[in-house]
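Hi everyone, thanks for coming. I've got a short one today, so grab a seat and have a look at the screen.

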Amino acid sequence: MLLVLLGCGALATPDGEERVRGGLWLEGAFANSPGTVVALVANSPVPCEPAVVDDDPRTKADEAASAEAWWEAELGAALNREGAALLLLVLSGAGETEDFEVGGPLSLNGSVGTGSAVAIRVVEAAVEESTEALHAWVPTEVEVDDRLHGEAHVRPDAGVVGLTLDLGEWGATTELERCDNVDLVPRAVAGVEAAGAGALPE
């Protein structure tokens, strides 16, 4: 059901509207910034964690390792494949308000009701290698906008969080999956930094 909800979302980019195929709402990732939330919206699948698969000793393949590799590949594609579009949003005081003023470079030091965002578009990419159905993408032309300004509104629910985001040429209206895999945050931030958006302050 969640995938159906996410599939109904829209991601606005400078090139037009894209279908949202992945969206996560990550809480509790920053011990020094309680109440700070990271939201990811992408036109690629962004799974919260690998599928739970037990290794079958009767087979030569390691099913658990394969599930982990597939998850890693999906995360890599969300940031690196040609045509990828992704918004990373940091919101402060998400437990105290549902409305946020978004502006400036990514920061963990905002006051309640403020946020920051960065947008990434991969214009061109090459395939570095292929292993079975998995591809390693290498971006060759990337556009980054880390000076986004606008407004965000969230609608918390049990398993999802509704998000309406207006940042000019960028924006989104979708449902985000609540995700408690805090290891995803440094992965996402590292990918954003690699794209050229600069480091997220501690």
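**A disulfide and a serine**

Let's start with the cysteines: Cys48 and Cys179 form a disulfide, and their sulfur atoms sit 2.1 Å apart. Keep in mind that what you're looking at is a predicted model.

How many disulfides does the count come to? Just the one.

So where are its two ends? Cys48 is in the loop between strand 4 (37-42) and helix 2 (63-80), while Cys179 is in strand 11 (residues 170-179). That's 131 residues apart, so this pair links distant parts of the chain.

Now, the handedness. The torsion about the S-S bond of Cys48 and Cys179 is about 80°, so we call this disulfide right-handed.

Are these cysteines buried or exposed? Cys48 has a relative accessible area of 8%, so it counts as buried, because the cut-off is under 20%. Cys179 comes out at 5% relative accessibility, so Cys179 is buried too.

Okay, on to the serine. Ser116 is in strand 7, which covers residues 114-131. With a relative accessible area of 2%, Ser116 is buried as well.

What is Ser116 in contact with? If we leave aside neighbours within four places in sequence, the list includes Leu88, Leu89 and Val90, and also the run Val102, Gly103, Gly104, Pro105, Leu106 and Ser107.

Zoom in on Ser107 for a second. Its backbone nitrogen lies 3.0 Å from a polar atom of the Ser116 side chain.

That's me done. Any questions?

How values were computed: Residues are numbered from 1 along each chain as its sequence is written. This is a predicted model: local features need pLDDT of at least 70, side-chain atom pairs count only at pLDDT 80 or more; totals for chains, interfaces and linings use all residues. Side-chain values use heavy atoms; hydrogens and water are left out. Helices (H or I, at least four residues) and strands (E, at least two) are DSSP runs, numbered from the N terminus. Buried means under 20% relative accessible area, exposed over 50%, partly exposed in between (1.4 Å probe, protein chains only). A polar contact is a pair of N or O atoms within 3.5 Å; within protein, one must be able to donate a hydrogen and the other to accept it, and residues adjacent in sequence count only if both atoms are side-chain atoms. Contact means heavy atoms within 4.5 Å. A disulfide is a pair of cysteine sulfur atoms within 2.5 Å.
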